[in-house]
Amino acid sequence: MISPHSARKTTRVQEAPPPTGPPAWDGPPPPARQPVQRSTMERVKELPAKVSIRWRLTLTYGALVVAAAAVLLFSVYAIVGTAISQAWPVFETNMPPAYDAQFQSAMHNFQKLAVQNARDALLTSSLLALVGVGILALIIGYFVADRALKPVAQMTATAKKLSESTLAHQRIALEGPSDELKELADTFDAMLARLNVAFDTQRRFVANASHELRTPLTINRTVLEIALSDPEASEDLKALGRTLLEVNARNEKLIEGLLLLARSERELAVRKPLDVQEVAQTAVEQVTPFAEEHGVTVTTELVSAPTVGDPVLLERSVSNLLENAVKYNVPENGKVWIRTGMADGALVVQVANTGQHVPAYEVNSLFEPFRRLHADRVESAKGSGLGLSIVRAVVQAHGGNVTAVPRDGGGLVVTIRLPRR
């Protein structure tokens, strides 16, 4: 625990359960999502959405073949009966009329029996053949669907491998006839080329802005500091100089935040093995003087959690969470909690604080650039509104996600989840 009323000392790391364990602080972690109970009919209706396009095409091909075979079967079934009836011979006898009527009735019955037996035999054989045709149609349909979707699979594999650094040379380059899939692949390649140009333009803009925006602010700060160091300067001039220095410092911080946000939204250029426990420990040590100045107590529960990423960006994101937790806290006896660990196979960093009540519908908007609680732009001295935006950009660049929920009693609980190393 870091106490603002005691001498500055090294933050003590406490052994604590992972963030999904029983809450060890005043303020539980985000509640787990409860499983939704669905009826059998709802699950049946959801089945089509869970079947892949390959199997949907296979089932469609098989169903069409079986339907065509069934139509052919019943057509033959009707034709066979008609053909036998028309080909049945007519027997003429010289018997007396009474005996001839009996004979003709018996032959008619034989005719009906022959037609029925032929149809039954044909139906039994045809149904067995229909089952075989259906199985063969599914097998052939699967291979036909697989071959038809192979260009789509190639496009998907290429899209998965694409990143900002590979856009310059990675293309689908689909070969084959000029059909709809070839046109789609060529359109996708043209879009990749435009994206590559856009990313190059963004990189050049960030590099130029980094120089063009920092240089005049640095010159202004130097000139103001020299003017304030002049012993002959009046008190009014010094007061104006200090005000301008504060404005200049805020502008420098805003520009640094914008450049960091732009850098965070690009692909990671640095990937190193690191332990978030050490990253969080460094961030806590950096925020300690700021917390002591505001009378906020920081409690740590740091457990080892190895991963791979950019340690500078991750440290900046954790520092932003801690700084926000200190800035937007209660005026007296404020508290901030931070803990790290592994939970459900993911690396977790969680920061909670005391503070004013945050409506649930306002939480998601806080991660947007320049957004503050209740759209507050009056108390701009607290920050530029980029802290949580930078956190989200850094976490997403590392393949993770960040969520926030209101804390019981006021404040927020922000949770970062990153993939394991």
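## An enclosed cavity and the sheet beside it

The largest cavity is lined by V276, V279, L314, S317, V318, V349, V395, I416 and L418. Here a cavity is a set of points, on a 1 Å grid over the protein atoms alone, where a 1.4 Å probe fits but cannot get out, and a lining residue has an atom within 4 Å of a point. This is a predicted model, in which local features need pLDDT of at least 70 and side-chain atom pairs count only at pLDDT 80 or more, whereas totals for chains, interfaces and linings use all residues. Residues are numbered from 1 along each chain as its sequence is written, and side-chain values use heavy atoms, with hydrogens and water left out.

The count comes to 1 cavity of 30 Å³ or more, and the largest cavity has a volume of about 50 Å³, volume being the space filled by probe spheres set on grid points joined across faces, edges and corners. Helix 7 gives the most to its lining, with 3 residues, while helix 6, helix 7 and strand 7 each supply at least two. These elements are DSSP runs numbered from the N terminus, with helices (H or I) of at least four residues and strands (E) of at least two; the protein has 9 helices and 7 strands.

**The sheet**

An open sheet of 5 strands has the order 2-4-5-7-6 and mixed pairing, two strands being paired if DSSP finds at least two bridges between them. Its edge strands, strand 2 (296-302) and strand 6 (401-406), each pair on one side only. Neighbouring strands are turned by 15° against each other on average, direction ignored. Three of the pairings are set out below, each with one pair of opposite residues.

| Strands | Sense | Bridges | Opposite residues |
|---|---|---|---|
| strand 2 and strand 4 | parallel | 7 bridges | T299 and W337 |
| strand 4 and strand 5 | antiparallel | 8 bridges | T340 and V349 |
| strand 5 and strand 7 | antiparallel | 7 bridges | A352 and V413 |

Strand 4 and strand 5 form a hairpin with 2 residues between them, and D344 in the turn has a positive phi of about 55°. Because 8 of its 8 residues are buried, strand 5 is largely enclosed by the rest of the structure; buried means under 20% relative accessible area, computed with a 1.4 Å probe on protein chains only. A346, V348, Q350 and A352 point one way from this strand, and L347, V349, V351 and N353 point the other way.

**Helices and core**

Helix 6 (residues 276-293) packs on the sheet, touching strand 2, strand 4 and strand 5, and its direction makes about 170° with that of strand 2. Contact means heavy atoms within 4.5 Å, and axes are lines fitted to C-alpha atoms, for helices over the stretch in contact, with angles from 0 to 180 degrees between N-to-C directions.

The largest nonpolar core has 39 residues, and those with the most contacts inside it are V318, L321, L322, V336, I338, V351 and I416. Such a core joins buried Ala, Val, Leu, Ile, Met, Phe, Trp, Tyr and Cys residues through side-chain atoms within 4.5 Å. Among the elements that give two or more residues to this core are helix 6, helix 7 (311-327), helix 9 (387-397) and strand 7 (412-419). Helix 9 is mostly covered, with 9 of its 11 residues buried, including L388, I390, V391 and V395. Just after helix 9, G399 takes a positive phi of about 80°.

Over the whole protein, 35% of the 421 residues count as buried.

Key: Buried means under 20% relative accessible area, exposed over 50%, partly exposed in between (1.4 Å probe, protein chains only). On a 1 Å grid over the protein atoms alone, a cavity is a set of points where a 1.4 Å probe fits but cannot get out, and a pocket is an open set with protein on both sides within 12 Å along at least five of seven lines; lining residues have an atom within 4 Å of a point.
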